[in-house]
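Let's take a walk through this model together, starting with a few ring contacts and then stepping back to the whole chain. Keep the structure open beside you as you read.

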Amino acid sequence: MKYSGYAFIYTIGCQMNVYDSEKLASILNSCGFEKTGDMDKADVVVCNTCSIRHKAEEKAYSFLGRFAGIKKKKPHLITVMAGCVAQQDGEKAFERVPHLDIVLGTRAFSRFSRHIRSIQSGQPRIVDIEDSSMIYESPPDSVCFEENKVSSFVTIMQGCENFCTYCVVPYVRGKERSRKPENIVEEITFLAGSRIKEVTLLGQNVNSYGKKEGEISFPKLLKKINDIERIHRIRFATSHPKDLSLDLMHAIRDLKKVCNHLHLPVQSGADSVLKKMNRGYTRQQYLEKIIQLKNLCPDIALSTDIIVGFPSETIEDFKNTMDLIREVEFDSIFAFAYSNRSSAPAAKFSDQINEKEKLDRLNLLLQLQETCTEKKNKVQIGKVLEILVEGKSLKKHDGFEQFGKDMEQMTGRSESNKIVHFPSNRVNIGDMVRIRIENAYPHSLWGHPEFD
Ligand code: 5AD
Ligand code: SF4
């Protein structure tokens, strides 16, 4: 491919956006643009946006706003807003960023190259937020690879029909659509041939994969991926508790490559809040699934998402959430202060909680989780964990010099998704090594390799 310019892509938000940005990069590649990490060199700038919380949305507008002056000096520069904010705001995006060239919704990727060519041939601004029931399928070998990458995201389904009352996803990502298993297997087989050892299957409601007539179920898809040679690990996110079936628990237990880790957002530990959130389960039902899972997979690592300060959440409700966290003992949590999104129903709920109170609750919750995470990490001391080596770590362990000049500090992840650092001069990125854990910290573990 002869390149005619450079493309800079700025990604905000979730893992799904990281995957989508790779697809956008491969489309731009086919239009003659080479990906660059240097914004100043760019001839096309794409901001792949997220609208889940107010802050993420503001970040997108402030990033794109910067290009007003730059476009005056560099008139051929093409600026693109892609993703959820584009889908949500459409034409309105031009009110805040008049110099934008393309507003590309979440379901318009298949038309992106056409829009780029139209802008290049002098057409003024384009908005494409048309619906499409298909998931954009790029040829698997068109992915632009980062050197030394050992882990990759693969979107297997898109959209969500759960309509949690705080969430914009069903409005910006549309109805649930599952990719065909053969396309997924083809993509992962290609990745495996390109030195990828771990895949994370993505979907807004990933364990609702294959629910439509004639489709294969999520556990069956996992089995197919488990059979792909050279893939060592399979992860998936994000799962909804209501779709956590016994079959899926068995798949986690029985399929060797499926990691013994589950991210299962609970959002709140109070029944009244769960009901107002429209989550579709009670505290008790969530806890029963956790008990069942722990019985089947005793060492399973668990993580969750929590929202604090949802409209009308009382101190008692918040305490129930804190108690649930103590009871389950999650390995890690992602906690958020409720953010009011005008397109989601909860924006109209009474008893909105003030920002200071939300932040106070968030801090209490994060403090509690820090102690839980540290406790969970300490349990690993003395164990031997299998680590997928991801690279060299920049920040060296205290007293690292004692290991000698030719020693590197390497880093990788355990099956339970814990970051592990260790000294070595004989392992390579992508190796699976056994590490005896000697120390635990709030965010990582430290150990030594056990070579045969
Ligand atoms: N405010 C705060 N957090 C939110 N999330 C989704 N919508 C909102 C919102 N309006 C969180 C949920 C979800 C995660 C991806 O983002 O916890 O699981
Ligand atoms: Fe949003 Fe709920 Fe769907 Fe998750 S399950 S994407 S929180 S609507």
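## Rings, a ligand and the overall fold

Begin at Tyr6: the charged end of Lys41 sits over its ring, 4.3 Å from the ring centre. Bear in mind as you look that this is a predicted model. A second contact of this kind involves Phe94, where Arg125 lies over the face of the ring at 4.0 Å from its centre.

Rings also meet other rings here. The structure holds 11 aromatic pairs. One of them joins Tyr281 and Tyr286, whose ring centres are 6.0 Å apart. With 35° between the planes, this pair is tilted; planes have to be under 30 degrees apart to count as stacked. How accessible are the two partners? Tyr281 has a relative accessibility of 8% and Tyr286 one of 1%. Both therefore count as buried, because the limit is under 20%.

Now move on to Phe310 and Phe349, which form an edge-to-face pair: the centres are 6.1 Å apart and there is 90° between the planes. This pair links distant parts of the chain, with the two positions 39 residues apart. Phe310 belongs to the loop between β13 (301-308) and α13 (315-328), while Phe349 belongs to the loop between β14 (332-337) and α14 (355-378). Is each ring's residue buried or partly exposed? Phe310, at 0% relative accessibility, counts as buried, whereas Phe349, at 25%, counts as partly exposed.

Elsewhere, Phe8, Tyr10, Phe63 and Phe67 come together in one aromatic cluster.

Next, turn to ligand 2. Which residues surround it? Three cysteines take part, Cys160, Cys164 and Cys167, along with Asn162, Phe163, Tyr166, Val169, Pro170, His240 and Arg279. Sorted by class, this shell has 7 nonpolar, 2 polar and 1 charged residues.

Finally, step back to the chain as a whole. There are 14 helices and 19 strands in it. Its radius of gyration is 23 Å, close to the 22 Å that the globule rule gives for 452 residues, so the chain is as compact as a globular protein of that length. Along the principal axes, the C-alpha atoms fill a box of roughly 65 × 60 × 50 Å. Of the 452 residues, 55% count as buried. Contacts across the sequence complete the picture: among those with a separation of 6 or more, 73% are between residues 24 or more positions apart. The pair of Phe310 and Phe349, 39 residues apart, gives you a concrete place to look at such a separation.

Conventions. Residues numbered from 1 in each chain as written. Chains lettered and ligands numbered in written order. Predicted model: local features only at pLDDT ≥ 70, side-chain atom pairs only at ≥ 80, totals over all residues. Heavy atoms only, no water. Phe/Tyr/Trp six-rings, centres within 6.5 Å; stacked < 30°, edge-to-face > 60°. Buried < 20%, exposed > 50% of the residue type's maximum accessible area, 1.4 Å probe, protein only. Helix = DSSP H or I, 4+ residues; strand = E, 2+ residues; numbered from the N terminus. Lys NZ or Arg CZ within 6 Å of the ring centre and 35° of its normal. Near = heavy atom within 4 Å. Nonpolar A, V, L, I, M, F, W, Y, C, P; charged D, E, K, R; others polar. Rg over C-alpha atoms; globule rule 2.2 N^0.38 Å. Contact = heavy atoms within 4.5 Å.
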